[in-house]
Amino acid sequence: MRNQGSHTNQFYVVWSSYRDVVFRNTSAPPGEDDALQYWRDHLFAATVFYLMPLSLIALIPGIYAAYAEGLTYLIVADGFAVISLLVIAFVPGIPVYTRKLIFCAALYLVSLALLFYLGTFGPGLMYLLAVGVFVILIFEKRYGFIVVLLNTLICTIFGFAIYYGWWDTLVFSVYDLQSWIAVSSNLVFLNLLAVLLIPKLYNGLNKTIQEENRLRVELEQNQQKLNRSLEELEQKNGELEQFAYAASHDLKEPLRMVQSFMKLLSDKYGDSIDAEGKKYIHFAIDGSDRMKVLIDDLLEFSRVGRENSTFEKTDLNRVLDDVMALIRSFVDEHQATVTWAKMPEIVCQKVPLKQLFSNLITNSIKYRKESEPPVVEISCEEKPGEWLFAVSDNGKGIDPKYHTVVFDLFKRIDVSDRSEGTGMGLAICKKIVEQHGGKIWVESEAGKGSTFCFTIAK
């Protein structure tokens, strides 16, 4: 068994080396501008590769049989074919184009010898037809028409030989001119048909290759554009982070100064300022407070997706427990009731999800009805490929014409003094949901409460 495996490995090594040598000598490296020529050369290389061992099986016994029968021309033709294959396969430095010509010449010589000795109905005609088809496969289309003319000339010469009896052989004395015309005309017809049809196949292959190259180039260009866009996006993100830093420090500091000096002005000169002046001071302090809240909300919006970006398996029941612990005082202050069914474990960003539920719950409580305490219900439903969540309340509701704009930046539907905020809460919710591959919408009517629905991709 060990010796058998060793012999198998040796045979594989020899066979691989033989294949490498043949393909290296008989095919040019692939060119970017002429892929079709590469496939022609590759087909020629594969033909030589497989024909070499087959010729040793077929031609050598054929030469021996020809020698026994005294068929001199056939011996010369077969010998030339074997030598040609060896030169084509193993002699380096010969151009591929020249190797193809030598190969076709050898086939033609064998075909003529077979025609001469074995007759008009023998394998010689099959060789002629095979040469015609093969030339079309490995050369350009114009060579196919040359082969048609050459085969027509050969058939014509053999027709004259039959008619005038140029060769005194038994085979030529058996068949008449009419039989030869019938056979040779079919040969020429099949050759011409191959010349007309095979290039159609190559044209389709060439178009496919060209289209593939075009798509590849287009893909590379689009990839380069995408890379440039990503670089620009990273640059913009850096600028956004710089803006966030400026907003959190450079903008807040003047606001603190305005608030401090307004309070000092009110405390120190309050007795000297009339009611109108005190009202203006109050407006200035209140405006700076609102500006501070707006800056904080903008910073929060810019951080979504850039911080706490790790996706992990999360129990949403614990997330909601944590949210309720954070907003407990706000819930108790408004005597609100918040309930939820059993929540699933999902893969998500834990901290943004806490912010999402917190915003939706506090939003539902903030826009409550005056006549009844707020009630918020949270539910979840599993869908194919996603989770569907709903946060329902018994609040004021939202007119359908505002259902889209409520998720835009700075959009507030209720602008009464009692409803504080900057209109950023739902915009932040939308951004968080989109970061999780989902979408968010509202189902509501004025005076009938609201249901905020959102999906999270699995």
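Reader: What pLDDT does the protein average, and what share of the residues score at least 70?
Author: The protein averages a pLDDT of 80, and 83% of the residues score at least 70; pLDDT is the predictor's confidence in each residue, from 0 to 100. This is a predicted model, in which local features need pLDDT of at least 70, side-chain atom pairs count only at pLDDT 80 or more, and totals for chains, interfaces and linings use all residues. Residues are numbered from 1 along each chain as its sequence is written, and side-chain values use heavy atoms, with hydrogens and water left out.

Reader: Where does pLDDT stay under 50?
Author: That applies to residues 415-419. For this stretch the model has eight contacts (heavy atoms within 4.5 Å) beyond four places in sequence.

Reader: Turning to the interior, which residues of the largest nonpolar core touch the most other members?
Author: They are Leu 356, Phe 357, Leu 360, Ile 378, Phe 389 and Phe 454, out of 36 residues in that core. A nonpolar core is a set of buried Ala, Val, Leu, Ile, Met, Phe, Trp, Tyr and Cys residues joined through side-chain atoms within 4.5 Å. Buried means under 20% relative accessible area, exposed over 50%, and partly exposed in between (1.4 Å probe, protein chains only).

Reader: Which helix gives the most to this core?
Author: Helix 12 does, with six residues. Helices (H or I, at least four residues) and strands (E, at least two) are DSSP runs, numbered from the N terminus.

Reader: And what does Leu 360 touch?
Author: Leaving aside residues up to four places away in sequence, Leu 360 touches Val 391, Leu 426, Cys 429, Phe 452 and Phe 454. Another core, of 33 residues, lies apart from the largest one, and its members include Leu 107 and Trp 180.

Reader: Is Ser 27 buried or exposed?
Author: Ser 27 counts as buried because its relative accessibility is 14%. Its place is the loop between helix 1 (2-26) and helix 2 (35-69).

Reader: What does its side chain reach?
Author: The side chain of Ser 27 reaches the backbone oxygen of Phe 23 at 2.5 Å, a polar contact (a pair of N or O atoms within 3.5 Å; within protein, one must be able to donate a hydrogen and the other to accept it, and residues adjacent in sequence count only if both atoms are side-chain atoms).

Reader: A change of topic: what phi does Gln 335 have?
Author: Gln 335 has a positive phi of about 55 degrees, although it is not a glycine. Most residues other than glycine have a negative phi. Gln 335 sits in the loop between helix 11 (328-333) and strand 2 (337-340).
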